[in-house]
Amino acid sequence: MNRIIRNILSVAVLALAGCSSAPQTETDRKVEELLSQMTLHEKIGQMNQLSGGAWLADQAAKGEVGSILNCVDPAEINAVQRAAVEESRLGIPILVARDVIHGFRTIFPIPLGLASTFDPEIVEEGARVAAVEATASGIRWTFSPMLDVARDPRWGRVAEGSGEDPYLDVQMGLAMVRGYQGEDLSNPASMAACIKHFVGYGAAEGGRDYNSTMISERSLRNTYFPAFKATADAGAATLMTSFNEIDGIPSTGNKWLLKDILRDEWGWDGMVVTDWNSAGEMIAHGFSNDLKHTAEQSVNAGVDMDMMSYGFIQYLEELVKEGKVSEAEIDRAVRNILKLKFDLGLFENPYVDETASAKVDYAPAHLEAAKQSAVESAILLKNEGGVLPLDKAKTILVTGPLADAPYEQMGTWAFDGQQEHTVTPLTALRQEYDVIWEPGLAYSRDRSTKEFAKVRNAASRAEAAVVFVGEEAILSGEAHSLSNLNLQGAQSELIAEVAKAGKPVVVVVIAGRPLTVERDLDNCDAMLYSFHPGTMGGPALADLIKGKANPSGKLPMTFLRDAGQAPFYYNHNNLGRPNNGTETLLYDIPIAAGQTSLGCTSYYLDTGYGPLFPFGYGLSYTSFKYGNPVLDKGEYTEDDVIRVSFELKNTGMREGTEVVQLYVQDKVGSVVRPVKELKGFQRVTLAPGETRTVTFELPVSDLAFWNIDMEYVVEKGDFNLWVAGDSASGEPVSFEVI
Ligand code: BGC
């Protein structure tokens, strides 16, 4: 059966289920029973989410708050819960939420770093650790994963997601949802996930946070929806609307998104929450007259719970009385909220054991998982002359503002990680080497070069220098857009200064986004890039530097030569005048050149066509040779599975792990198609000299896209396929879908 027909049928089945008054499950029955006892005021109370702790107990006792966020003290959480359960008329428990984005106490690499691992298993494990620690403090709902496809590193929130590629986004999103929610939401160690921000928030114009987005319906469906659809299908319990508007409609008031797509087309039955005051912000957007209007528009569009606009609690009763919002809409929202509370087992287990967190926070296994994630997330960008690993040196210089910055290495959204538990690279390297420590700069924006003479002098006494530069945590994340992506302060000058000593220079970048490091590459022998690596970043990086571990991370975003190239992503559409490798660059243009076009292809006169490093790029201390891919057939039908095999050989002297990537290009489509798209990846570990046959199985149905008629179909025709170590390598083989 084709997918469209399947969708139509499932919508029909759901519609029938909705018409029937008989409850479907035991939980539905409980929800209906409770709902039937609730006053309108109590129902609206459930739809209200407030930020705070014990001081919200009075409102909880009156049944005027359904959920709280930002309280992490188990005693306070229990106090609010007691008010709700023991003092409110119906005793409905509170749902406690928090932004547990990349760990709770034990901080894992930021999500962009987790994406660099291309390892869904370790990402799932990290999310499980986060759930175990957060639930031990009484938190049962996290606002994660962030699934916003992001193609502009100027946008500070690239740190919080999986980067530019829809397929990687799907895989990472699924892993996180599995990790947070576990097998069963009612397990007290499970947390409801919240897929956010629906939708298109990552496409903010110019990378300026909260900005407008221009996304066509086809592009929403092909690029921005897939991770939401996949995680919704996999049972993600909640979804958050986004701040941005699309085509003039803010997401929080967008009925097409929240009802037509999410409910009717996808048949998803979870709970929808607004982003922080995103309902209220519809006034600033000029989409709503006042707060009352925002409540009317968002509930009618399909929102279930209001985060911090206060509009629902103030105006919904009036709106129902005036007939502007039906009680049926209110019941719909409250059903979704109550169902989640039943699913989480909150009615049976409302309280948290106030001694539990001390037993699980920073457990050795959690630290080990965090370390392994940080090891796998680091990307080796350059290693001239095999300078890394520094396995023979005894005395090294450690310098730079990120070498001993325990708070900064945790990155953005690490509210609950405690810096006393963070191990810095300096601390870890001291276990391995005689370290000469000269910070050089106090923090990443420091512009003072007054300590540089000391650093250069120290470099001349060491066998090699390791320079830790990058971004403080505050420079990325929400509301932290940048227009200049070079290293801030005098960090590039510090690297250049160290290089003058003539010793091998290793640069380690610890940052929240892809920075433009081209000029710094020229001043070092090796560069290791680590998106803020979290609590165990120090030991992970020390293992990589020493050679106890081998880098295997790959770039989840294209690295730019200059911020002016943004947005830049590998899977752009085919162009009418693609670059053909012949670029006339700025200084090659003759003086008083005639007014002719130059080369007539798509590129910049100053930075040329290509990026600094392509999506998927990353080196290893060993080397890998890819054999030619062999397809099991030349022609496939829509129901087939494509099997492609190739030999991967470790041609170096060390064991190493290569992330092998599968890309496909649909050569001709009813609408213009991307130049190539990631369709699979595997981490393959090989001993020195070992050869292994690697096989990908790709269902032809995975080649479907939203075509000219806005139908999700596989179109017949010719395709190219690559297996490679990054998005710019490899030779294609072709096949046909008949
Ligand atoms: C962010 C969300 C976050 C929420 C709650 C908002 O500012 O956009 O991602 O979950 O705050 O803290």
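These notes follow one helix and its packing, and then one sheet.

**Ground rules.** I am reading a predicted model, in which local features need pLDDT of at least 70, side-chain atom pairs count only at pLDDT 80 or more, and totals for chains, interfaces and linings use all residues. Residues are numbered from 1 along each chain as its sequence is written, and side-chain values use heavy atoms, with hydrogens and water left out.

**Helix α7.** I looked up α7 (helices are DSSP runs of H or I with at least four residues, strands runs of E with at least two, numbered from the N terminus). Its 17 residues, 120-136, should span 24 Å at 1.5 Å a residue (times one less than the number of residues), and the end C-alpha atoms are 24 Å apart, which agrees. Just after α7, I noted that G138 takes a positive phi of about 100°.

**Its neighbours.** I found that the buried residues of α7 (under 20% relative accessible area, 1.4 Å probe, protein chains only) include I122, V129 and E133, and that the buried residues pack against α6, α8, α16 and α17. Taking α17 (364-377), I saw I122, E125, V129, V132 and E133 of α7 meet H366, A369, Q372, S373 and E376 (contact means heavy atoms within 4.5 Å).

**The sheet.** I then turned to an open sheet of 5 strands, ordered β19-β27-β26-β21-β22 with mixed pairing (two strands pair if DSSP finds at least two bridges between them). Its edge strands, each pairing on one side only, are β19 (635-636) and β22 (677-686). Within the sheet, β21 (residues 656-666) and β26 (residues 717-724) run antiparallel, joined by 6 bridges, and L662 stands opposite V723 in β26.

Conventions. Buried < 20%, exposed > 50% of the residue type's maximum accessible area, 1.4 Å probe, protein only.
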